[in-house]
Amino acid sequence: KPIKDYSLADATTTVGELRQQLRRYAQAYYTQDAPLVEDSVYDDQYRQLQELEQAFPQLVTADSPTQQVGGTVLAGFTKVSHQLPMLSMGDVFSLDELASFDSRMQKAIQQTTTYNVELKIDGLAISLRYEAGKLVLGSTRGDGSIGEDVTANLRTVASIPQTLAVPIDLEVRGECYMPKASFEKLNRERDNNGEAVFANPRNAAAGSLRQLNSRVTKERQLDTFIYTIVNADRYGVTTQAEALKQLQEWGFHVNPESMVATDLQQIDDYIQRYQAQRDELPYGIDGVVLKINQLSLQAELGNTVKVPRWEIAYKFPPEEAHTIVRDIEWTV
Ligand code: NAD
């Protein structure tokens with residue numbers, strides 16, 4: 001029912017139910033890498049919870065799924081404390097909502113700005129730390145503050161440089177993903193062996209990286225797109241577009257499809273283009289990310305407890321043919 005029809009008592013009950021349900025979904029998704037429902041189902045209920053909490057702010061609690069970065073640290077991995085939190089991202093589902101985001105940004109910074117527009121890669125966030133040019137630590141996002149040390153596994157990923165050409169200290173962040181071809185091959189093999197298949201490439205990537213045996217990770221043929229330089233100003237970088245260029249020069253895999261947009265029309269065009277081309281790309285994407293291009297403005301806008309204020313994801317509508325099936329019969 002519409003939010004305006006809720007009494008405080010009704011809202012309290014529904015908020016409790018939604019939180020319980022979302023926590024159950026998140027547990028399966030983040031801990032077992034085996035979702036119980038499609039993302040769109042999770043997203044709808046999450047949105048409902050967000051709207052109720054907005055209408056009844058007295059119901060917001062620090063442990064609500066809207067106030068925490070989802071994700072857990074699996075037993076068996078050494079914990080890594082992130083120097084800067086690895087956050088989640090706000091999302092919108094329509095161009096109108098995107099326009100509202102843009103108005104909010106303009107109002108907050110009191111100037112027009114450009115956006116760096118990127119594909120939202122359907123994988124899991126990783127952080128890579130280098131000391132004097134050598135890879136020393138690779139970790140997952142975990143709950144945003146504490147992640148999992150998956151250095152040995154990330155060393156098996158061919159696109160991650162073990163040594164940089166320059167002996168610098170550096171932390172970069174990006175997405176580790178499973179290319180569609182590897183995903184299909186893996187699920188076919190698992191099915192032949194009578195093992196549970198992965199619901200989607202994102203869960204397959206997460207399950208393959210969070211492995212205690214690096215040999216398994218290596219066989220899974222993961223890949224990466226790196227998109228963030230932590231403390232980029234230390235390297236003379238002032239915009240997100242420059243950061244991507246610099247990352248590429250350092251030898252990281254950078255997604256080639258990003259662009260700088262100066263107005264909403266260009267962003268709409270970009271969204272339409274990649275929504276149409278989505279199936280042809282060799283990796284999964286679930287939307288488009290807009291980032292305020294100027295890093296000094298990003299710093300000024302800062303973060304909420306859960307998301308950076310200066311970026312937003314436009315999520316594509318769910319793919320119809322995409323359903324969760326635990327037992328696929330492969331026709332080979
Ligand atoms: P998110 O995955 O939607 O967005 C944040 C992440 O986007 C970042 O951590 C980063 O890893 C990634 N990303 C990809 N491309 C990027 C780019 N170019 N620049 C910056 N970041 C990029 O947020 P989340 O908090 O990790 O998870 C919420 C998502 O997980 C929702 O989509 C939700 O549907 C899904 N989920 C599903 C279930 C389920 O049961 N199906 C349960 C929990 C969560």
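**View 1. R173 stands opposite T228 of strand β8 in a predicted model**. The two strands concerned, β7 (170-177) and β8 (223-229), run antiparallel and are joined by six bridges; strands here are DSSP runs (E, at least two residues), and helices are DSSP runs of H or I with at least four residues, both numbered from the N terminus. Residues are numbered from 1 along each chain as its sequence is written. Because the model is predicted, local features need pLDDT of at least 70 and side-chain atom pairs count only at pLDDT 80 or more, while totals for chains, interfaces and linings use all residues.

**View 2. An open sheet of four strands follows the order β5-β4-β7-β8**. Its pairing is antiparallel, two strands being paired if DSSP finds at least two bridges between them. β5 (134-140) and β8 stand at the edges with a single partner strand each, so one side of each has no neighbour in the sheet. From one strand to the next the twist averages 30°. Helix α8 packs on the sheet, where it touches β7 and β8, and its direction makes about 130° with that of β8; axes are lines fitted to C-alpha atoms, for helices over the stretch in contact, and angles run from 0 to 180 degrees between N-to-C directions.

**View 3. Helix α8 (residues 240-250) and the elements that cover its buried residues**. The buried residues are Q240, A241, A243, L244, L247 and W250, where buried means that 20 or more other C-beta atoms, placed from the backbone, lie within 10 Å of a residue's own. Among the elements covering them are β3 (115-121), β10 (285-292) and α10 (295-301). Just after α8, G251 takes a positive phi of about 105°.

**View 4. V157 lies in the loop between α4 (151-154) and β7**. V157 counts as buried because it has 22 C-beta neighbours inside 10 Å. Apart from neighbours within four places in sequence, V157 is in contact with C176, L222 and T224, contact meaning C-beta atoms, placed from the backbone, within 7 Å. V157 and R220 are 63 residues apart in sequence, yet their C-alpha atoms are 9.2 Å apart in space.

**View 5. The shell around the ligand draws on two domains**. Domain 1 (3-67) and domain 2 (79-315) both give residues to the shell, so the ligand lies between them; the domain bounds come from an automatic or database domain assignment. Of the 22 residues around the ligand, Y25, Y29, D39, S88 and A125 come nearest, a residue being near if its C-beta atom, placed from the backbone, lies within 6 Å. The elements giving two or more residues are α1 (8-31), α2 (39-55) and β3.

Definitions and conventions. Buried ≥ 20, exposed ≤ 12 C-beta atoms within 10 Å, placed from the backbone.
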